[in-house]
Structure formats: structure tokens, C-alpha cells
Amino acid sequence: VADPGLTITVDGAASVGTNPLLNALIALAVAAVALLRRTDDPWARSIGAYFVLAGLVLGIRLFFATVVGAGSGTTVLFTLPQVALPDWAAGIRLGGPVTAEPLAYTAYDSLRLGLILLCLGAANALANPKRALKSVPAALYEASVAVVIALSVAPQLVESTQRIRRAQRLRGGAGAGWRSVSRVVVPVLADAVDRSMSLAAGMEARGFGRTRDARRQPPGVTAGLLVAMMVATFGGFLLLAGDTPQARTAAGACLVAGCVGVAAGLRLSGRRLAVTRYRPEPWTPRDTGLVVAGLVALGAAAVLGSTAWPEGYAVMHPSTDPLIWPTLHPAMAPVLLGALAPLALTAAPDGGRP
């Protein structure tokens, strides 16, 4: 399914800039897609927890910025009582004047982090872990099982919490405060252990981790794969850190060479594992459209956030010192359209709910 891949691609586009207006619009688009295209499956109920997590990140960072480090600007909003610290804590300030510039910078960066968490939550809500496991290359078969299980932990914990709280309310035992939290934590942990044991037994019974035919891997494939991954990583670093045409050219060459090497290495490594597939997922034109929409959104954000286009970079990274009002640019439209693409390319699933 390409919906989670599109959400993760939009996640990459969201991490390019700190414009709060654009990030807020992307968050609304991602939330609309997640709520209108999710199903009644257990993992689809976890999107609300990621909203809460994003709000906690924003609130905690703003609190610490207000108490500790919001006095370096010139626009004073209010003044807190200042605590005198000893000489060995020089450079650390508790309280005092709170200015708008560092608060704005913290809010912009926190909104970006919260949007990244929201995109990951939408991917968890839209993805079926069992179907995602079918699309992983054979070379990463063992690791993919662990990754899929890890990705499904958070939705399962949310489902367990909701089910246990519902059962407690039906029994008339639901309370308020920390006592109610302690009454939920222990059953949730016990339920997680029981699910882990059942999952392990089911996977062992179905032969997960076993193959029909294990051939000997050609020599040097693992080393070549590691080298290709390092080259691709180095290319990504050059693309983000380089500010000259030579650096961008070298970054593009390293990325292409690294990606080709990784694809070839995975192909050769996967030949030694003849894993069986039950009803493999077909790739449809709808999936191609979703992938293209995600790549267009990521490309548009990358171009806007590049230092090669000063106007776009200024819009994607609005200044906080001096503090200016953030604005939107018409070139941001592909990013938003890419985030909203699933609403046009897909239909509400059977049994889904808004």
C-alpha cells in the first residue's frame, strides 16, 4: 500500500522548513487523510495519541524556553521572577524577561517536530503491518519482521488502553487521577506480554524466519552493500550541508551510485533466501500516482528550502531575529496537493469511519 509511503514522504517534506503556516496546513491535510481513509482496524485508532504527543512536545519545549532561555531577544513580552544561581552555573538563567524572538524560534521548530510525529502516526494508522511485511525485499526478511513488530507496538498499546478503560467503566471501577492511571498500566503491560507470547507462538507455527532454500551468499556482497550504504549516506550529508555547485554535484553522484549499489546488493543478497509469499500485494496505477504525488511534494519542498533560491529559503525559514510575520508562497501548492493526493486517488475503505 502506497498511502503510508506517501505520508512518510510528506514527513520528509515537512522537515525541510520551519514555516508555521505551511506546517499547520500540512498537519491539517495529513489529519484529514488519516481520518477519512482509516479503517476500523486496531492500529487505525492510534492517530489521536500522536496528536496528544505532538501537543506535549510543543508545550514542554515552550515551557522550558520560557523558563530557561527566552531572554536573548529585544521584544520583551513579560517578566518572570528570576532565580539567582551560583557562579559555577554562569550562562544559565532561570526566570527573568521573556522575549518573543526565542519563543518564536522554539515554537516554529516544535511545530515542525510535532508535524513529523503526526506524519508517523498517520502512517501507523493507515498501514497494515501484515501487508507491509509482504513488500519487504527478501534480503531484509528477518529484520523486517522485527521492524513491523516494533511499528505495531504503539497502536497495540493504544488499543489495549482503550479496551481496558472501557472494561473498567462497564464494571463501574473507572476513577480519576493517578490512581486510575496505575489501574490501567498493570493490565496494559500484562496484555502486552500475553500478545507478545501469542505472536511469537503464531510466527513460529507459520514458519516465520525460515526459508525453503538457503543458498550460500556470494563473497563480498555484504561488504559491498555496506559500502554502498555509506556512499549514499555521505551523499545525503553533502546534499544537506554543501552550499557550492561542486558539493551538490558530488552529492548527486554519491546518491545515485549509493542507491544503485544498495539496490544491487539487496538483489544479490535476496537470491540466497527463497522465501515464500502468500498473496503478494499487486502494484496498481493508484500506487504509482501516490508515489509520484509524494515525490512531487518532497521535491517542491527541497527546492523551496534550498539556499540556491534565496526567496524560497526565506519563505521556508522565516526569520525570528528580527521577528517577521511568516508568509505563504504559491510554490508551496505542490506540497499541499501532494499531502491531499490520497483523498482524490483513493476511496474510503469499507468499514472505515471519519
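M316 is buried in this predicted model. Its relative accessible area is 1%. That value falls under 20%, so M316 counts as buried. The residue belongs to helix α12, which spans residues 310-316.

The surroundings of M316 draw on several parts of the chain. Leaving aside neighbours within four places in sequence, M316 is in contact with V16, G17, T18, N19 and L22. Contacts of M316 also include A301, L304 and G305. M332 completes the list. M316 and M332 lie 16 residues apart along the chain. Their C-alpha atoms are separated by 9.1 Å.

N19, one of the contacts of M316, sits in the loop between α1 (3-14) and α2 (20-37). N19 is likewise buried, at 1% relative accessibility. This value, too, is under 20%, which means that N19 is classed as buried. Residues up to four places away in sequence are not counted among its contacts. With that exclusion, N19 touches V315, M316, P318, P326, T327 and M332. M332 is therefore a contact of both M316 and N19, two buried residues. For T327, a polar contact is also found: the side chain of N19 reaches the backbone oxygen of T327 at 2.7 Å.

Aromatic pairing was examined separately. A search of the whole structure finds one aromatic pair. F63 and F64 form this pair. Their ring centres are 5.5 Å apart. The angle between the planes is 75°. An angle over 60 degrees counts as edge-to-face, so the F63 and F64 pair is edge-to-face.

Methods
Residues numbered from 1 in each chain as written. Predicted model: local features only at pLDDT ≥ 70, side-chain atom pairs only at ≥ 80, totals over all residues. Heavy atoms only, no water. Helix = DSSP H or I, 4+ residues; strand = E, 2+ residues; numbered from the N terminus. Buried < 20%, exposed > 50% of the residue type's maximum accessible area, 1.4 Å probe, protein only. Contact = heavy atoms within 4.5 Å. Polar contact = N/O pair within 3.5 Å; in protein donor to acceptor, adjacent residues only side chain to side chain. Phe/Tyr/Trp six-rings, centres within 6.5 Å; stacked < 30°, edge-to-face > 60°.
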